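Dear colleague,

Please find below the structure that I am handing over to you. My notes on its cavity, its pockets and one acidic residue follow it.

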Amino acid sequence: MRLVVAPLNYSSWAVRAWLALDHTGADFKTPEIALYVDPDWRQKILRFSGAGKVPILIDGSLSVHEALAICEYVAERFPDARLWPEDSRLRARARAISSEMSSNFIHIRNEMPMNFRGRAATFTPSDATSLEIARVLDIWEASLSTSPGPFLFGDFGIADCMYVPVVSRFRTYGVELSGAMAEWASALWAQPSVVRWTELAEASMAIPKYDALL
């Protein structure tokens, strides 16, 4: 299998799919497209998918784009990884907040672009972004309040994968976490797949366009 990605320091969608696939223990390669650096980057993505976006999972003759769809496919392909909770009610909740992450929070995305290596010198969120931050914190608090821990629904799963880039953004832009949310974030940074991602992110190519935003 191949997971076509943008540099993992910046590409939150690629990170989500990468974490889910890595957690399965599957053997896969990670071709990296140099967004905005390689003059042919758009054409290279289009060779893999007409959608023109990363990540893209290639499994034999199958090509799957969109991070959450890739996570769903990976969960079915590798059921022993238990990427969704076994309990149907918890699974429904995990899917709901994963879908909410996939389709919402546009102001966080625009004002707080992911840059794992970077730290913003100053940051004041707009009112719209502050509302989205509050909603994310509410999601985490509600999930953790009924979770046996250490992750959002017990075991590390897709819901955690979907929100790891937000935890990274909050660290970059100085959004403090406390209580159960801080403990969950600490557990995330120690989780083996997350550790492997951070190592790749530290070593990934720089995109000056994104670094200039901090």
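For the residue classes used below, Ala, Val, Leu, Ile, Met, Phe, Trp, Tyr, Cys and Pro count as nonpolar, Asp, Glu, Lys and Arg as charged, and the others, Gly among them, as polar. This is a predicted model, in which local features need pLDDT of at least 70 and side-chain atom pairs count only at pLDDT 80 or more, while totals for chains, interfaces and linings use all residues. Residues are numbered from 1 along each chain as its sequence is written, and side-chain values use heavy atoms, with hydrogens and water left out.

Cavities and pockets were sought on a 1 Å grid over the protein atoms alone: a cavity is a set of points where a 1.4 Å probe fits but cannot get out, a pocket is an open set with protein on both sides within 12 Å along at least five of seven lines, and lining residues have an atom within 4 Å of a point. Grid points are joined across faces, edges and corners, and a volume is the space filled by probe spheres set on the points.

The whole structure has one cavity of 30 Å³ or more. The largest cavity holds about 30 Å³ and is lined by P113, M114, N115, Y173, Y210, L213 and L214. Six of these lining residues are nonpolar, one is polar and none is charged.

The largest pocket encloses about 800 Å³. It has 27 lining residues, of which S11, S12, W13, L35 and Y210 are the closest to its centre. Helices are DSSP runs of H or I with at least four residues, numbered from the N terminus; α1 (12-23), α2 (41-48), α3 (67-77) and α5 (106-111) each give two or more residues to this lining. The largest share, three residues, is that of α2. By class, the lining comprises 16 nonpolar, six polar and five charged residues.

The second largest pocket has a volume of about 190 Å³. Its lining includes V167, F170, R171 and W189. Both α7 and α8 (179-190) supply at least two residues, and the largest share, four residues, comes from α8.

Finally, D160 lies in α7 (residues 158-173). D160 is buried (under 20% relative accessible area, 1.4 Å probe, protein chains only) yet has no salt bridge, that is, a side-chain nitrogen of Lys or Arg within 4 Å of a carboxyl oxygen of Asp or Glu. The nearest side chain of opposite charge, R93, is 12 Å away; Lys and Arg count as positive and Asp and Glu as negative, with His and the chain ends not counted. Leaving aside residues up to four places away in sequence, D160 touches F151, L152, D155, W184 and L188, with contact meaning heavy atoms within 4.5 Å.

Yours sincerely

How values were computed. Buried means under 20% relative accessible area, exposed over 50%, partly exposed in between (1.4 Å probe, protein chains only).
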